[in-house]
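Trainee: I am new to this structure and would love a close look at one part of it. Could you walk me through the place where the two chains meet?

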Protein chains: 2
Amino acid sequence: MLSQPASSPTPDLSRRLAKLTSILDVAKAMSAERDLDLLLPLILFEATKVVEADRCSLFILDRERNELWSKVAQGSKSEIRLPVGSGISGQVAQTGAVINIPDAYSDPRFNRSFDVSSGYQTKTILCVPMRDANGEVTGVIQALNKLDGGSFNAEDEELLLALGAQAAGAIENALLHEEINRLFEGFVSASVVAIEARDPTTAGHSGRVADLTVTLAQALEHLTTGPYAHTRFSPVELQELRYASLLHDFGKVGVREPVLVKAEKLYPHELEALRARFHLARKDLQLQSYRRRLEAVKVRGDKHLAEIEGEEEERLGTELKQLNEVLDFILTCNRPTVLAQGGFERLHELGRLQYSDADGQAQPLLLPREIQSLSITRGTLSPEERREIESHVEHTYRFLTQIPWTRTLRRVPEIAYAHHEKLDGTGYPRAEKAIPVQSRMMSISDIYDALTASDRPYKKAVPHTLALDILKREADSGQLDKELFTVFVEAEIPRRALHDKK
Amino acid sequence: MLSQPASSPTPDLSRRLAKLTSILDVAKAMSAERDLDLLLPLILFEATKVVEADRCSLFILDRERNELWSKVAQGSKSEIRLPVGSGISGQVAQTGAVINIPDAYSDPRFNRSFDVSSGYQTKTILCVPMRDANGEVTGVIQALNKLDGGSFNAEDEELLLALGAQAAGAIENALLHEEINRLFEGFVSASVVAIEARDPTTAGHSGRVADLTVTLAQALEHLTTGPYAHTRFSPVELQELRYASLLHDFGKVGVREPVLVKAEKLYPHELEALRARFHLARKDLQLQSYRRRLEAVKVRGDKHLAEIEGEEEERLGTELKQLNEVLDFILTCNRPTVLAQGGFERLHELGRLQYSDADGQAQPLLLPREIQSLSITRGTLSPEERREIESHVEHTYRFLTQIPWTRTLRRVPEIAYAHHEKLDGTGYPRAEKAIPVQSRMMSISDIYDALTASDRPYKKAVPHTLALDILKREADSGQLDKELFTVFVEAEIPRRALHDKK
């Protein structure tokens, strides 16, 4: 590609050799830089040096919109967009031909408005296309004002083209890298939203836990004393922590919906079945009463009928009232238990009550599993249901360990796995005391958000201050990390992570 | 980095210039190649040319395992792994110093066993490290047998180092690209598995549809006539199709579980409630009978009691039998309707039946919504439930359009969106007739797998041949694409996509 320059004989082979060698070095540095915000300044710096210009700018071709765009024209900060075909850069992008202008102000293609607005005085311009490996133009590099006061020469054209060719590949790689990362990030976020939508009361929880945890991790860098004085998280470590936080509840997809959103101790269909049984018992009491009336007539004769009916109506009334009273008690027991309550002993007595079913068989009015559910002393979940909810951590871990994480993200599964462990070993699923610092931060964020987020079927939202009190109790009792909790409070993580964003 | 070579003065600046220029061109080509299987041969080809060697090999350093690995030593096909430190390549990887051997057989570091097994005769060896932008060794390139019969010289060292430096960046980019793609792919697959796990009877469906559809798309390339004679799918288009297929049912996460797995026309809790009502009605018939007996005694006197009891027992027996018979009929109606059936008219008559509830109020024995559910003429789903199931396409589309797809994957949402559309406009959700060819292929795969996959709660699995018959009917009636269906059958897509894999 690089042959003898068109217009001048090569004056100094050594110098060209040195310049080409430096372009090779730059090419290597460029190919290693995948962050576009760092790559573009690097290219401009090297371009300015290699052609000995005062400043350079670079435009990337957006084929979809037929525009050139630039984040970093040297001397400018905001993104600039130019239509292809217009101006010097636009023409180079359109034709692919180099434009070398020895005196800008005498060239009709030059647009003085940029100079007018910036106060810069353009004298000489060299604008070359960047081409990808297929020879397609992917952008332009423009150098302004040759430093020695002369014009850009054929060697400058050759060198800037060579640099541009290397830059094109590096930019394409960086853009692609950015695209795939955005794609992965977008897919993860959208999946989490989709899964959280199954339980509307926890929607947005994972995103908030990610924001809280990452903000907390960043706040550690101000610590100069204590156990975290030297704990610092690099950008890739923060990314790892972000994914672990975002995905910590992914395993809830493996928990049945009715359990996830259970609002009372009996499921609605269980309560319906219980009510139906009470209806049957009610009808049965009436039937028993009429049977007894008929039996009494056999014994005492029909002249006592009115008397018999009077006795039986009274007895039936009492029995039905008792039955209603039992049902009322059960409905009270059915509500979520917030504070430790007594009174469940009576349920076991009620377990002895019977009625005759449709076939006349004696049946318990209250089933053993109903008694068990109604006796739940905390919230609405039975031990099995609590285990099912808690199993989401195992599901999350199993899900995450299936994924071929890149080397920099490889701890995502173990960080997420430990988010319900407690420092005193009372957590789950492993009752593990050695908990990664990332998970310890996540625990604080997770509990804080679960407490303060909008009402859930089984509990009311708790105000910020009360949430901190509850967290403090857990920290004081040795379950949560005290130092991290202090940073959480003192650095006002919730305000910075959640409220300042809105 | 590249300075005057250590041992010899530069004999020919032009030649070096030309070589460096060619390395720049190679660097550009390398940076554009993100497929490692194509990149590595390209590097070896250029390395061989630049140092004028007979052959070259390249080893990548695996720091975790402290090994060198190679996919493509020239002249070898399988992956080779060597411990760092051992052999010539291993030493270069360990020390980072170039090894240049003018006569292999007289050098103690040379291991003849490779020559012995391959029949190759190694004479001269040049082995150089590849270093990344931070100067870290990331691999080695080894050139064998200088073509002119002499040994490799200082200029060769210099050039191979320069090439290796560029190669290191390109390889790192390709590896990273591969890693992120694998991560994305892994995350997508694992999410699909997690979501499908909610409905165990459809587990694996999305993966099979992806295999079937991609195999069908590939089979089109053998067509030389007909509407698809010129339809060909590039690797990136196949990837797009694969993701669209894999994710076509993702929106099922937005459909409630009981609807997803509904096996009969009434949900289990609905049937339970209905049975409870029949128990109550049964008890009520008994109660009515006893009330009548008591009334009859009042009128006819207690001497007719035995007679009254006899009449009433007979009447009650008949009434209870009728009630049981109604329940049996309802249980029959409750099963999924496979073929169009009559007999549902009677349900509406039964809707007039009443019983007295626990408070003595007349109540319908069969609720209007139960009659509606039991009258379903196809499968087990009510129109609303069918709409809820069908809404998964909208959920899928909404989910997919949130994701920032890369340019090459941008059609994923629209391809997935159309997988339930029919060519005659009878599909859903848009009743669209203009359907992308990708979606038309996916429809065939989707229906085939839904039919042949293992038993679902509402239907038995259908054998391959019958499934093709059903698809043929849909193709003949103008719903499915006839040409694509012909390829599906003739190219034996199911066998190739599903069975050959196992």
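Trainee: How many residue pairs are in polar contact between chain A and chain B?

Mentor: Happy to help. This is a predicted model, in which local features need pLDDT of at least 70 and side-chain atom pairs count only at pLDDT 80 or more, while totals for chains, interfaces and linings use all residues. Residues are numbered from 1 along each chain as its sequence is written, chains are lettered from A and ligands numbered from 1 in the order in which they are written, and side-chain values use heavy atoms, with hydrogens and water left out.

Now to your question: 23 residue pairs are in polar contact between chain A and chain B, both residues at pLDDT 80 or more. A polar contact is a pair of N or O atoms within 3.5 Å; within protein, one must be able to donate a hydrogen and the other to accept it, and residues adjacent in sequence count only if both atoms are side-chain atoms. On the side of chain A that touches chain B, helices H1 (13–32), H5 (154–196), H8 (257–260), H9 (268–300) and H10 (305–334) each supply at least two residues; helices here are DSSP runs (H or I, at least four residues), numbered from the N terminus. The largest share, 21 residues, comes from H5(A). By type, that side of chain A divides into 40 nonpolar, 17 polar and 25 charged residues.

Charged partners also pair up across the interface, where the rule finds 10 salt bridges (a side-chain nitrogen of Lys or Arg within 4 Å of a carboxyl oxygen of Asp or Glu). For an example to look up, the side chains of A:Glu257 and B:Arg198 meet in a salt bridge, 2.6 Å from N to O.

Next, the overall extent. In total, 82 residues of chain A are in contact (heavy atoms within 4.5 Å) with 83 residues of chain B. The area buried between the chains is about 7,700 Å², with carbon and sulfur atoms giving 69% of it; buried area is the accessible area (1.4 Å probe) that two parts lose on being put together, summed over both. In chain A, A:Leu24, A:Phe187 and A:Lys283 lose the most area to chain B, together 10% of what that side buries.

Finally, the symmetry. A rotation of 179° with 0.1 Å of shift along its axis superposes chain A on chain B, with an RMSD of 0.4 Å. That is the relation of a two-fold axis. The same surface serves both copies, as 100% of the contact residues of chain A recur in chain B.

Note on methods. Ala, Val, Leu, Ile, Met, Phe, Trp, Tyr, Cys and Pro count as nonpolar, Asp, Glu, Lys and Arg as charged, and the others, Gly among them, as polar. Copies are superposed by least squares on the C-alpha atoms of residues with pLDDT of at least 70 in both.
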